[in-house]
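I sat down with this model today to look at how its helices and strands pack. Here are my notes, in the order I made them.

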Amino acid sequence: MEKVKGIIPERVPEHIAIIMDGNGRWAKSQGKARVFGHKNAISAVRDTIEGSAELGVKFLTLYAFSSENWNRPKLEVQALMELLVNTISKEVNTLNKNNIRLLAIGDLDNLPRRCQRELNKAIEATKDNSHMSVILALSYSARWEILNATKKIAGKVKEDKLDIDDIDEQVFGSFLATADYPDPELMIRTSGEYRISNFLLWQLAYTELIFVNKFWPDFRKPDLHQAIQEYQKRERRFGKTSEQYAV
């Protein structure tokens with residue numbers, strides 16, 4: 001674990017989630033097409049993964065493509081999917097070299113077949129890595145995830161495999177796409193927007209939210225460090241008073 005001035009190693013979040021926003025507006029500010037922003041965002045992804053791994057973060061969830069993003073112009077979506085395929089295939093060796101596991105959540109069947117193949121190959125190739133897990137949220141919508149979990153639970157109840165009175169937060173959470181991961185302690189959104197855009201609605205119930213007034217392609221390790229420093233200044237009480245939480 002790398003020591004960074006101003007960051008308490010013992011209080012680094014186990015799980016950080018990031019809404020990588022602002023690629024298109026960054027490109028527009030450069031007088032370029034939106035796809036130019038997506039291509040330049042790869043450097044920010046690499047830097048953030050590296051910075052998180054250095055600090056001992058165990059889970060990093062990146063909101064890469066939402067269900068709503070399918071409504072974008074067709075050419076942009078096609079370019080994004082091609083970029084996704086190429087990036088994933090190129091990064092497998094680096095992930096393995098750094099002992100990082102790749103995972104994905106979302107309605108992955110909606111992805112083009114080639115994307116699914118490359119994604120599954122990368123997940124399989126990195127499955128034994130243990131230093132950190134990078135979770136890509138692809139074709140993801142929190143409302144879709146919650147509805148999907150509800151349908152699965154309803155099916156179990158209908159089949160008499162689950163009693164309705166046994167359904168609590170823990171049981172419900174076990175049917176979510178993130179069942180195997182802890183909830184994020186910290187969520188970062190770039191680009192200066194102040195919303196969570198249908199991202200991990202259940203899991204973010206007690207997450208600290210930090211909004212960065214910088215487009216994603218410009219996000220680098222110092223920005224990650226600053227967000228973690230801000231997180232460490234906050235008191236996480238989970239509904240209790242300061243006095244109760246201190247006991």
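The entries below cover a sheet, a helix on that sheet and a pair of helices.

**Entry 1, the sheet.** I reminded myself that this is a predicted model. I then traced the strand order and found an open sheet of six strands, β3-β4-β2-β1-β5-β6, with parallel pairing. At the edges I noted β3 (100-105) and β6 (208-211), each of which pairs on one side only. I looked up the twist too, and from one strand to the next it averages 20 degrees.

**Entry 2, inside the sheet.** How many bridges join β2 to β4? I found seven between β2 (residues 59-66) and β4 (residues 132-140), and the two strands run parallel. For L62 I looked up the bridge partner in β4, and it is L136.

**Entry 3, a helix on the sheet.** Next I turned to α4 (residues 113-125), which packs on the sheet and touches β3 and β4. The direction of α4 makes about 140 degrees with that of β3.

**Entry 4, two helices.** I checked α2 (residues 34-55) against α3 (residues 74-97): their axes come within 10 Å and cross at roughly 25 degrees. Angles under 35 degrees count as roughly parallel, so I put α2 and α3 down as roughly parallel to each other. The crossing of α2 past α3 is right-handed.

Which residues make the contact? From α2 I listed R34, V35, H38, K39, I42 and R46, and from α3 E76, A79, L80, L83, T87 and E91. Sorted by character, the residues of this α2 and α3 contact are five nonpolar, five charged and two polar.

How values were computed. Residues are numbered from 1 along each chain as its sequence is written. This is a predicted model: local features need pLDDT of at least 70, side-chain atom pairs count only at pLDDT 80 or more; totals for chains, interfaces and linings use all residues. Side-chain values use heavy atoms; hydrogens and water are left out. Axes are lines fitted to C-alpha atoms, for helices over the stretch in contact, and angles run from 0 to 180 degrees between N-to-C directions. Angles under 35 degrees count as roughly parallel, over 145 as roughly antiparallel, 65 to 115 as roughly perpendicular and the rest as oblique. A crossing is left-handed if the near helix is turned anticlockwise from the far one by less than a right angle, and right-handed if clockwise. Contact means heavy atoms within 4.5 Å. Ala, Val, Leu, Ile, Met, Phe, Trp, Tyr, Cys and Pro count as nonpolar, Asp, Glu, Lys and Arg as charged, and the others, Gly among them, as polar. Two strands pair if DSSP finds at least two bridges between them.
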